[in-house]
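Subject: Structure for you to look at

Dear colleague,

I am passing on a structure that I have been going through, and I would be glad if you opened it before reading further. My notes on what was found in it follow below.

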Amino acid sequence: MWMNSADDFINPPELGIAEHESKRLKNGRFLLIPASEKTHGHGTHTWAVIWKDHLAELLQESAH
């Protein structure tokens, strides 16, 4: 799983790089987390409360 937040200024989603390159992931997917008062730009990846449900879903799918 490749995640990015919409307010990431270092890896800005407007460039479309992740959407394009994630198609090369054999069993992966790209998730764009919408910008909100809870996201923290490039630092969103350090706030598990924002993405933990997506990780739990990935782990559940991986168990099968």
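I would begin with threonine 39, which sits in the loop that runs between strand 2 (30-33) and helix 2 (48-62); please keep in mind throughout that this is a predicted model.

Is threonine 39 buried or exposed? Its relative accessibility is 8%, and because buried means under 20%, threonine 39 counts as buried.

Which partners does the side chain of threonine 39 have? With the side chain of aspartate 7 it forms a polar contact of 2.7 Å, and a polar atom of the threonine 39 side chain also lies 3.0 Å from the backbone oxygen of serine 36. If residues up to four places away in sequence are left aside, threonine 39 touches Asp7, Ile33, Pro34, Thr44 and Ile50, so that Asp7 appears both in this list and in the polar contact just described.

Stepping back to the protein chain as a whole, you will find 2 helices and 2 strands, and these elements follow one another from the N terminus in the order β-α-β-α. The C-alpha trace spans about 35 × 25 × 15 Å along its principal axes. Of the 64 residues in the protein chain, 19% are buried, threonine 39 being one of the residues that count as such. If you consider contacts between residues at least 6 apart in sequence, 58% of them join residues that are at least 24 apart. The surface that the protein chain exposes comes to about 4900 Å², and carbon and sulfur atoms supply 59% of that area.

The last thing to look at is the largest pocket, for which the computed volume is about 290 Å³. How many residues line the largest pocket, and which lie nearest its centre? The lining consists of 20 residues, and those nearest the centre are Trp2, Met3, Asn4, Asp8 and Asn11. Strand 1 (2-5) and helix 1 (17-21) each supply at least two residues of this lining, and strand 1 gives the most, with 4 residues. Sorted by class, the lining of the largest pocket contains 10 nonpolar, 8 polar and 2 charged residues.

When you have the model open, you might start from threonine 39 and its polar contact with aspartate 7, and then turn to strand 1 and the pocket lining to which it contributes.

With best wishes

How values were computed:
Residues are numbered from 1 along each chain as its sequence is written. This is a predicted model: local features need pLDDT of at least 70, side-chain atom pairs count only at pLDDT 80 or more; totals for chains, interfaces and linings use all residues. Side-chain values use heavy atoms; hydrogens and water are left out. On a 1 Å grid over the protein atoms alone, a cavity is a set of points where a 1.4 Å probe fits but cannot get out, and a pocket is an open set with protein on both sides within 12 Å along at least five of seven lines; lining residues have an atom within 4 Å of a point. Grid points are joined across faces, edges and corners, and a volume is the space filled by probe spheres set on the points. Ala, Val, Leu, Ile, Met, Phe, Trp, Tyr, Cys and Pro count as nonpolar, Asp, Glu, Lys and Arg as charged, and the others, Gly among them, as polar. Buried means under 20% relative accessible area, exposed over 50%, partly exposed in between (1.4 Å probe, protein chains only). Contact means heavy atoms within 4.5 Å. Accessible areas come from the Shrake-Rupley method with a 1.4 Å probe; for residues, only the protein chains shown count as cover. A polar contact is a pair of N or O atoms within 3.5 Å; within protein, one must be able to donate a hydrogen and the other to accept it, and residues adjacent in sequence count only if both atoms are side-chain atoms.
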